[in-house]
Amino acid sequence: MQTSAALFREVGAPLSIERIALDAPAPTEVLVRVAAAGLCRTDYHVMRGERRVAMRPMVLGHEVAGVVEATGAAVGGIKQGDHVVLTFIPGCGICRWCRQGLHHFCAEGPRITQGPQLDGSYRRRDREGIAVGAFCMIGGFAERTVVDQASVVVIEKDIPLDLASLVACGVPAGVGAARRRARVKPGDSVLVVGCGGDGMNVVQGAALCRASKIIGADVVPQKLDWAREFGATHGVNARGENLTRAVLELTDGIGVDHAFVCINPPETLLPAFRATAKGGNVVVTALTPDTVTDIKIPPLELLLTQKAIMGAVYGFASPRVQIPELLALYRKGSLKLRELISRTYRLDDINQGYADLEAGRNLRGVVIFDG
Ligand SMILES: [Zn+2]
Ligand SMILES: [Zn+2]
């Protein structure tokens, strides 16, 4: 079949909206009609060459919810008509990590920037017949996609699919970083540097954990206002103020129990580290361009302050566990999802969506597809 898709063809260029050929699913794969695809900064890093992928052209997009239209002969537990969220790390089910339920560590994870399907072959071709890759084995900026069942989580049908797309990436990344990586406790103090897609969800994750002080920091004043709506108790404009000094002033000179670095780690990690209390946690959720190869933290300072620096991908838990859990919290009214969507776009307007992301106008932009 043919489908419209947004292709990454050139570093630094807009995505190219094209009709491409999409093959039928292989035995372990499913065909998904994409309903919504979130505009995450990760794809933007790819477009700018800061996160290298192994091939072009490639269909980007990894925050997807949709409806299953067909299944391969060997697919189990997924049927036509199911509503699904796609996971940007597959859960192969057989590697050492997946056998322990740790799908966010799946051994196939490092292959998500390569381009082919999980089985190593391609399902997409452009007009010239050239193989087209799928970012994160998803390729979600397209009307339809074919993915392995390892990338699929079936959800209940009462959840609007635009909201479901949010729990594919930013929401578990942020909420999980607070709840599962740092294990924020009631009464703890928290700093969130970068109140965007991940960071705003760290804010709401910290609020769910009943942190008493939640300090949002950003260079966009609007995001600090939004952060208050998601549970932040204080805001620091990191453009006008010295971040470390401002946080120490808000915490009686002690620093926060947990600092989350959700934007630009090369510049924000050290100020966040120094705004953290002795023995506290510094959690990095943001990507760094792969040309940056060191972190500037004096080892003696690390030793003497006894802080922990940790990474958190996918909120440090299996998306198969987190996605249903987060949707249950949404259903109970404990998790904001609708409020995360600033604007929606048609696939044809996707480059405007990334311009809005770059300009700091969006908390989350989402591409919406017709049925
Ligand atoms: Zn994402
Ligand atoms: Zn695995």
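Me: Before anything else, what makes a pair of cysteines a disulfide here?

Reply: Two cysteine sulfur atoms have to sit within 2.5 Å of each other. Keep in mind that this is a predicted model. By that cut-off, the structure holds 0 disulfides.

Me: How do you know that C195 has no bond to C262?

Reply: The cysteine sulfur closest to that of C195 belongs to C262, and the gap is 7.7 Å. A disulfide needs the sulfurs within 2.5 Å, so 7.7 Å is too far for a bond. Seen from the other end, C262 is in no disulfide either, with the sulfur of C195 as its nearest cysteine sulfur.

Me: Are C195 and C262 buried or exposed, and what makes them so?

Reply: Buried means under 20% relative accessible area. C195 comes in at 0%, so it is buried. C262 has 10%, so it counts as buried too.

Me: Now the metal. Which atoms hold the zinc ion (ligand 1)?

Reply: C40 (SG), H62 (NE2), E63 (OE) and C169 (SG) coordinate the zinc ion, at 2.0 to 2.8 Å. Along the chain, those donors follow the spacing C-x21-H-E-x105-C. Take C40 and E63: they are 23 residues apart, C40 in the loop between strand 3 and helix 1, E63 in the loop between strand 4 and strand 5. Both of them are buried.

Me: Why is the arrangement around the zinc ion called irregular?

Reply: The 4 donor atoms subtend angles of 83 to 129°. Tetrahedral would need all angles between 85 and 135 degrees, and the 83° end falls outside that window. Square planar would need opposite donors over 155 degrees apart, but the angles stop at 129°. That leaves irregular, because anything else gets that label.

Me: Why does V34 count as buried?

Reply: Its relative accessibility is 0%, and the cut-off for buried is under 20%, so V34 qualifies. V34 lies in strand 3 (residues 29–39). Leaving aside neighbours within four places in sequence, V34 is in contact with several residues, including V64, A65, G66, R144 and F369.

Me: What makes strand 1 and strand 2 a pair?

Reply: Pairing takes at least two bridges, and strand 1 (residues 2–8) and strand 2 (residues 16–22) have 6, running antiparallel. One example is Q2, which stands opposite A21 in strand 2.

Me: And how do you know that strand 2 pairs with strand 7?

Reply: There are 2 bridges between them, again antiparallel, which meets the requirement of at least two. In strand 7 (residues 124–125), R124 is the bridge partner of L22.

Terms used: Residues are numbered from 1 along each chain as its sequence is written. Chains are lettered from A and ligands numbered from 1 in the order in which they are written. This is a predicted model: local features need pLDDT of at least 70, side-chain atom pairs count only at pLDDT 80 or more; totals for chains, interfaces and linings use all residues. Side-chain values use heavy atoms; hydrogens and water are left out. Helices (H or I, at least four residues) and strands (E, at least two) are DSSP runs, numbered from the N terminus. Buried means under 20% relative accessible area, exposed over 50%, partly exposed in between (1.4 Å probe, protein chains only). Contact means heavy atoms within 4.5 Å. Donors are N, O and S atoms within 2.8 Å of the metal (3.2 Å for Na, K and Ca); water is not among the atoms, so sites may look incomplete. Four donors count as tetrahedral if all angles lie between 85 and 135 degrees; four count as square planar and six as octahedral if opposite donors are over 155 degrees apart and all others between 65 and 115; anything else is irregular.
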